[in-house]
Amino acid sequence: MKGRIAIAEPDLSGLEEEYALAAIRSRWISSTGEFLDRFEREFAAACGGGEAIGVSNGTTALHLALEALNVGPGDEVIVPSMTYIATANAVRYCGAEPVFVDVEPSTWCLDPARVEEAITPRTKGIIAVHLLGHPADMDPLLDLAAVHGLWVVEDAAEATFATYKGRTTGSLGRIGTFSFYGNKVLTCGEGGAVTFQERSLATRLRMLRGQGMDPKRRYYFPIVGFNYRLTNVAAAILCAQLERREAIVGRRREIVALYESRLRGAAGITLRADAPWAVTSPWMFSALVDPAPGIDRDGVARRLAAEGVETRPLFVPIHTLPPYRVDHARRGGELPVTARLGSDGLMLPTHTLLSDADVHDVCDRLIAAVATGRPGRLRAA
Ligand SMILES: Cc1ncc(COP(=O)(O)O)c(C=O)c1O
């Protein structure tokens, strides 16, 4: 092994440096500039048409989406518990209550049957998280939303350029949100975007992003907004990333395919069952470590770390975390699939700087770590 294998590395090997420098030299370093306009145009086109607005990160993208949809105190928003904390926090920022439901055992995304059970007269909408690059099953969610008069926001932070039945993630719900954090498929360090098809949302989203200022009257603020703007320097990096998106996504897909070929069917490892209608985004390839006497996910992760392979546990179920567990307990409800993913899920290194040999190395070490101490081995010993 050539040394430590990192879980994520940004690929900045194209024109990122040149464009960032061009933005600096132009002195347009704040939240106006040519790169920003270009990024919003090109990202919208890459995400199925409609419009895109650059924002400061994926969390502010979510908050902005919910504010644009007038979420407020007394409202409930249905979210998966198996997601990054930002999905739930954004609901709380609005003074509303996130209602946690379980995910499907196959796709690891929101289970539409569980969503239906959770709808109450206070429900305003659903945040469909496309977890780990796999699109949520949008049609049943959109049908439920239509029947109950709800909206669906897509949290596509982990699923840039995935498709659902041929349509790009971020173009399916009322609003889509994206993150360009350093470990994401497309990155500028810190950044995000909201996408939407309805032109009528554009003015409100732009106003909310820019402190609520009236677009026709400087320093006149008819609403309370936020400073959630993306800088022109960050947009410059994103423009360079967009130019190379096929190469970036292509190499990441090769890595995912290699993990699949090595780990699918391996003893003690369970993988997600991708739906036939999904083209996934190659974000963090993840596996479940099937528990056995003497073996668990955390032990396997510790052993890999000692051998120089960086991994991450899958998210701690949000309904068990201090800010949310009391409300969830009041409602009740077991989330068994979420619990299994939270205790056994392991994210593996996934980035373009990995060689095939690196991926084989990770797989060899993972397979060995998962096998050590399994009953078969114990009997043999
Ligand atoms: C599902 C999900 N939603 C939202 C976010 C928040 O994005 P950011 O870190 O850019 O604020 C992330 C992650 O980083 C995420 O994984």
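This briefing describes strand 9, the aromatic pairs, three individual residues and the ligand surroundings of one structure.

The model is predicted, with local features requiring pLDDT of at least 70, side-chain atom pairs counted only at pLDDT 80 or more, and totals for chains, interfaces and linings taken over all residues. Residues are numbered from 1 along each chain as its sequence is written, and side-chain values use heavy atoms, with hydrogens and water left out.

**Strand 9 and its partners**

- Strand 9 covers residues 192–196, where helices (H or I, at least four residues) and strands (E, at least two) are DSSP runs numbered from the N terminus.
- Of the 5 residues in strand 9, 5 are buried, a term that stands for under 20% relative accessible area, with exposed meaning over 50% and partly exposed in between (1.4 Å probe, protein chains only).
- Gly192, Val194 and Phe196 point one way from strand 9, while Ala193 and Thr195 point the other way, and all are buried.
- Strand 1 (residues 51–55) pairs with strand 9 in the antiparallel sense over 5 bridges, pairing being assigned if DSSP finds at least two bridges between two strands.
- Within that pairing, Ile53 has Val194 of strand 9 as its bridge partner.
- Strand 8 (residues 175–179) also runs antiparallel to strand 9 and is joined to it by 5 bridges, and here Ile175 has Phe196 as its bridge partner.

**Gly176, a residue of strand 8**

- Gly176 is placed in strand 8, and it counts as buried because its relative accessibility is 0%.
- Leaving aside neighbours within four places in sequence, Gly176 is in contact with Glu154, Gly170, Ala193, Val194 and Thr195, contact meaning heavy atoms within 4.5 Å.
- The C-alpha atoms of Gly176 and Pro10 are separated by 23 Å, the two residues being 166 residues apart along the chain.

**Aromatic pairs and charges over rings**

- A pair of aromatic rings is described by the distance of the centres and the angle of the planes.
- The structure holds 11 aromatic pairs, where rings of Phe, Tyr and Trp (its six-membered ring) pair if their centres lie within 6.5 Å, and planes under 30 degrees apart count as stacked, over 60 as edge-to-face and the rest as tilted.
- The ring centres of Phe39 and Phe180 are 5.7 Å apart and their planes stand at 90°, so this pair is edge-to-face.
- This pair links distant parts of the chain, with Phe39 in helix 2 (residues 34–46) and Phe180 in the loop between strand 8 and strand 9, 141 residues apart.
- Phe39 is buried, with a relative accessible area of 0%, and Phe180 likewise counts as buried at 0% relative accessibility.
- Phe100 and Tyr324 have ring centres 5.5 Å apart and planes at 80°, so they too form an edge-to-face pair.
- Distant parts of the chain are linked by this pair, since Phe100 is in strand 3 (residues 97–101) and Tyr324 in helix 11 (residues 322–331), 224 residues apart.
- Both Phe100 and Tyr324 are buried.
- Ring pairs also link Phe39, Phe43, Phe161, Phe178 and Phe180 into a cluster.
- The charged end of Arg217 sits over the ring of Tyr220, 4.1 Å from its centre, a description used if NZ of Lys or CZ of Arg is within 6 Å of the ring centre and within 35 degrees of the ring normal.
- The charged end of Arg218 sits over the ring of Tyr219, 5.7 Å from its centre.

**Ligand surroundings**

- The ligand is surrounded by 14 residues, of which the closest are Thr59, Asp155, Glu158, Ser179 and Lys184, a residue being counted if one of its heavy atoms lies within 4 Å.
- A polar side-chain atom of Glu158 lies 2.5 Å from an oxygen atom of the ligand, and a polar side-chain atom of Lys184 lies 2.7 Å from a ligand oxygen atom.
- An N or O atom in the side chain of Asn57 is 3.3 Å from an oxygen atom of the ligand.

**Thr280 and Leu366**

- Thr280 lies in the loop between strand 11 (278–279) and strand 12 (286–289), and it is buried, with a relative accessible area of 14%.
- Apart from neighbours within four places in sequence, Thr280 is in contact with residues including His134, Ala162, Arg253 and Asp274.
- Leu366 lies in helix 13 (residues 356–371) and counts as buried at 1% relative accessibility.
- Not counting residues up to four places away in sequence, Leu366 touches Leu263, Ile269, Val300, Leu304, Leu346 and Leu348.

Methods
A polar contact is a pair of N or O atoms within 3.5 Å; within protein, one must be able to donate a hydrogen and the other to accept it, and residues adjacent in sequence count only if both atoms are side-chain atoms.
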